[in-house]
Structure formats: C-alpha cells, structure tokens
Amino acid sequence: MIGGDSVPYDFTASFLQSSVGRISKNQWGSLSGTWSWSISTSDPRFRLHGGQRGTAATKDDAVYELEREFTKFIADTYKYRC
C-alpha cells in the first residue's frame with residue numbers, strides 16, 4: 001500500500017507473520033514484463049541470510065523461486081534443524 005492505495009504487481013512474501021521478501025513485476029527497461037523476487041527481512045532470525053534475489057518469466061515462477069530459496073535457507077539454518 002502506498003498512500004492507502006494498493007500497488008498492482010507488487011507483493012510481500014511472509015513467513016510466520018513476518019515479511020521475508022518481495023515479488024514485483026518489472027515495468028520498464030530490458031526486464032519489462034518479467035518478475036523480480038528478493039528475500040529480505042528485518043526479522044533478526046533471518047537477518048544473516050544475505051539477500052537472495054532473482055528474476056523470473058512469470059509471477060508464479062517468481063513465487064516458486066522465492067519459496068524454494070527461503071525454504072533452503074530455513075533448512076540450512078542450524079538452529080531450525082535441531
């Protein structure tokens with residue numbers, strides 16, 4: 001939401017009620033029409049992640065990529081394996 005208006009083509013990814021990333025459609029330039037995804041959060045449990053990001057052809061592909069990378073991050077985090 002910006003100024004109370006929803007922004008089309010721009011979504012927040014969440015995990016356990018915490019924002020963990022963003023998925024947005026590229027509107028300009030050479031990537032126009034593709035979708036970008038990134039993992040970023042101020043949640044201290046995930047702050048050390050390093051900011052995985054990428055570009056996908058479709059929104060569904062971007063959702064899949066973000067979910068896959070975040071799941072991998074959780075699986076590789078020692079304190080979540082114990």
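**Stop 1: the buried face of helix α1**

Select Ala 62, Leu 66, Glu 69, Phe 70, Phe 73 and Ile 74 in helix α1, and show their side chains: these residues are buried in this predicted model. Now look down the helix axis. Why do these residues share one side of α1? They cover an arc of only 140 degrees around the axis, which puts them on the same side of the helix. There is a simple rule behind such patterns: an α-helix has 3.6 residues a turn, so residues three or four places apart point the same way.

Next, select Asp 60 and Asp 76, which are exposed on the other side of α1. To see the helix as a whole, select residues 59-76. Its 18 residues reach 26 Å from the first C-alpha to the last, close to the 26 Å expected at 1.5 Å a residue.

**Stop 2: zoom out**

Switch to a cartoon view for a moment. You should find two helices and four strands, and following the sequence from its start gives the pattern β-β-β-β-α-α. Of the 82 residues, 29% count as buried. Switch on a surface, and you have about 5,900 Å² exposed, with carbon and sulfur atoms supplying 52% of it. Contacts between residues 24 or more positions apart make up 36% of those with a separation of 6 or more.

**Stop 3: the nonpolar core**

Back to side chains. Select Ala 13, Val 20, Ile 23, Trp 35, Trp 37, Ile 39, Ala 56, Ala 62, Leu 66, Phe 70, Phe 73 and Ile 74: these twelve residues form the largest nonpolar core. Colour them by element of secondary structure, and β2 (18-25), β3 (35-39) and α1 stand out as the elements that give two or more residues to this core. Which element gives the largest share? That is α1, with five residues. As a general point, nonpolar side chains in soluble globular proteins tend to be buried together.

Now centre on Leu 66, one of the core residues. What does Leu 66 touch, beyond residues up to four places away in sequence? The list is Ala 13, Gly 21, Arg 22, Ile 23, Trp 37, Ser 38 and Ile 39.

**Stop 4: Ala 56 in strand β4**

Move to Ala 56, another member of the core, which lies in strand β4 (residues 53-56). Is Ala 56 buried or exposed? Ala 56 has a relative accessible area of 9%, so it counts as buried, the cut-off being under 20%. Leaving out residues up to four places away in sequence, Ala 56 touches Thr 34, Trp 35, Asp 61 and Ala 62. Try a distance from its C-alpha to that of Trp 37: the two residues are 19 residues apart in sequence and 7.9 Å apart in space.

**Stop 5: Gln 52 in the loop before β4**

Step back along the chain to Gln 52, in the loop between β3 and β4. Gln 52 is partly exposed, at 34% relative accessibility. Apart from its neighbours within four places in sequence, Gln 52 contacts Trp 37, Ser 38, Ile 39 and Glu 69. For another distance, pick the C-alpha atoms of Gln 52 and Gly 21: these residues are 31 residues apart along the chain, and the atoms are separated by 9.3 Å.

**Stop 6: an aromatic cluster**

Select Tyr 9, Phe 11 and Trp 35, which form one aromatic cluster. The model has three aromatic pairs in total. Among them is the edge-to-face pair of Tyr 9 and Trp 35, at 6.0 Å centre to centre with 70 degrees between the planes. Tyr 9 sits in the segment before β1 (10-15) and Trp 35 in strand β3, so this pair ties together parts that are 26 residues apart in sequence. Turn the surface on again to compare the partners: Tyr 9 is partly exposed, with a relative accessible area of 40%, whereas Trp 35 is buried, at 8%.

**Stop 7: two positive phi values**

Finish at the loop between β1 and β2, where you will find Leu 16 and Gln 17. Check the backbone angles here. Most residues other than glycine have a negative phi. Leu 16, however, has a positive phi near 50 degrees, and the phi of Gln 17 is also positive, near 65 degrees. With a relative accessibility of 79%, Gln 17 counts as exposed.

Terms used: Residues are numbered from 1 along each chain as its sequence is written. This is a predicted model: local features need pLDDT of at least 70, side-chain atom pairs count only at pLDDT 80 or more; totals for chains, interfaces and linings use all residues. Side-chain values use heavy atoms; hydrogens and water are left out. The expected span of a helix is 1.5 Å times one less than its number of residues. Buried means under 20% relative accessible area, exposed over 50%, partly exposed in between (1.4 Å probe, protein chains only). The arc is that of the directions from the helix axis to the C-beta atoms. A nonpolar core is a set of buried Ala, Val, Leu, Ile, Met, Phe, Trp, Tyr and Cys residues joined through side-chain atoms within 4.5 Å. Contact means heavy atoms within 4.5 Å. Accessible areas come from the Shrake-Rupley method with a 1.4 Å probe; for residues, only the protein chains shown count as cover. Rings of Phe, Tyr and Trp (its six-membered ring) pair if their centres lie within 6.5 Å; planes under 30 degrees apart count as stacked, over 60 as edge-to-face and the rest as tilted.
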